[in-house]
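Me: Could you take a close look at one part of this model for me? Pick a single piece, follow it from start to end, and tell me what surrounds it.

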Amino acid sequence: MVNWLHDLSYFFGGAFLANAIPHFVSGSMGRPFQTPFAKPPGEGLSSSTLNVIWGFINFIGAYLLLVCVGDFNIHAAEPMIALGLGALLLSLFAATHFGRFHGGNLQQ
């Protein structure tokens, strides 16, 4: 039986991984994007350089939570479900939160 703390770690690892992608990609494309360091936090834009750094920090956090806790196995369902749920929930939150700034919440 897998320790439930390991599943919690994998859940947050998935959230960190999902958070890393838009920051790293936006920054790599030279585009500003919201970060917790902007004014106001999470709403104002931060530089592309800061977004690359923030994305990379999130990749490190995901790595630490996924690889350094327990025995993460990509072929086992339980850790992958925990990772997937963390990534899905963080992505849904980001879609609704940042959609209001980028036109993603338009009614069709």
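Reply: Starting from the outside, the chain has an accessible surface of about 6,900 Å², and 71% of that belongs to carbon and sulfur atoms. Keep in mind that this is a predicted model, so every number below is computed from predicted coordinates. Buried residues make up 31% of the 108 residues in the chain. Along its principal axes, the C-alpha trace spans about 45 × 35 × 20 Å. There are three helices and two strands, and along the sequence they come in the pattern α-β-β-α-α. Of the contacts between residues at least 6 apart in sequence, 60% join residues at least 24 apart.

The part I'd zoom in on is helix α1, residues 4–28. With 25 residues, α1 reaches 36 Å from its first C-alpha to its last, close to the 36 Å expected at 1.5 Å a residue. At the N-terminal end, N3 acts as the cap of α1: one of its side-chain oxygens lies 2.8 Å from the backbone nitrogen of L5. After the other end comes G30, with a positive phi near 80°.

Now for what α1 tucks away. Its buried residues are D7, S9, Y10, G13, G14, A15, A18, N19, A20, H23, S26 and G27. As a reminder, an α-helix has 3.6 residues a turn, so residues three or four places apart point the same way. The buried residues of α1 pack against β1, α2 and α3 (77–102). Let's walk along three of them.

S9 comes up early. It counts as buried because its relative accessible area is 8%, and the cut-off for buried is under 20%. A polar atom of the S9 side chain lies 2.6 Å from the backbone oxygen of L65. Leaving out residues up to four places away in sequence, S9 touches L65 and V69.

Next is G13, also in α1. G13 counts as buried because its relative accessibility is 0%. Setting aside residues up to four places away in sequence, G13 touches A62, L65 and L66. L65 therefore turns up in the contact lists of both S9 and G13. The C-alpha atoms of G13 and L64 are 7.8 Å apart, although 51 residues separate the two along the chain.

L64 is worth a short detour. L64 sits in helix α2, and it counts as partly exposed because its relative accessibility is 44%. It belongs to a nonpolar surface patch with F24, F56, I60, Y63 and V67, with about 560 Å² of accessible area together. Helix α2 (residues 48–67) gives the most to this patch, with five residues. F24, another patch member, has a number that falls within the 4–28 range of α1.

Back on α1, G27 is found further along the helix. G27 counts as buried because its relative accessible area is 8%. Not counting residues up to four places away in sequence, G27 touches S48, N51 and V52. G27 and F56 are 29 residues apart in sequence and 10 Å apart in space, C-alpha to C-alpha. F56 is one of the patch residues too.

That leaves the β1 side, and Q34 is a good way in. Q34 lies in strand β1 and counts as buried because its relative accessibility is 2%. Its contacts beyond four places in sequence are H23, G42, E43, G44, L45, N51, F98, F101 and H102. H23 is one of the buried residues of α1, while N51 is also touched by G27. The Q34 side chain reaches the backbone oxygen of E43 at 3.4 Å.

One last thing in this neighbourhood: the loop between β1 (33–34) and β2 (45–46) contains P40. The peptide bond from K39 to P40 is cis, with omega near -10°.

To pull it together, α1 is capped by N3, followed by G30, and its buried residues pack against β1, α2 and α3.

Technical notes: Residues are numbered from 1 along each chain as its sequence is written. This is a predicted model: local features need pLDDT of at least 70, side-chain atom pairs count only at pLDDT 80 or more; totals for chains, interfaces and linings use all residues. Side-chain values use heavy atoms; hydrogens and water are left out. Helices (H or I, at least four residues) and strands (E, at least two) are DSSP runs, numbered from the N terminus. Patches are made of residues with over 30% relative accessible area and no salt bridge: like charges are joined within 9 Å, nonpolar side chains (Val, Leu, Ile, Met, Phe, Trp, Tyr) within 5 Å. Accessible areas come from the Shrake-Rupley method with a 1.4 Å probe; for residues, only the protein chains shown count as cover. A salt bridge is a side-chain nitrogen of Lys or Arg within 4 Å of a carboxyl oxygen of Asp or Glu. Buried means under 20% relative accessible area, exposed over 50%, partly exposed in between (1.4 Å probe, protein chains only). A polar contact is a pair of N or O atoms within 3.5 Å; within protein, one must be able to donate a hydrogen and the other to accept it, and residues adjacent in sequence count only if both atoms are side-chain atoms. Contact means heavy atoms within 4.5 Å. The expected span of a helix is 1.5 Å times one less than its number of residues.
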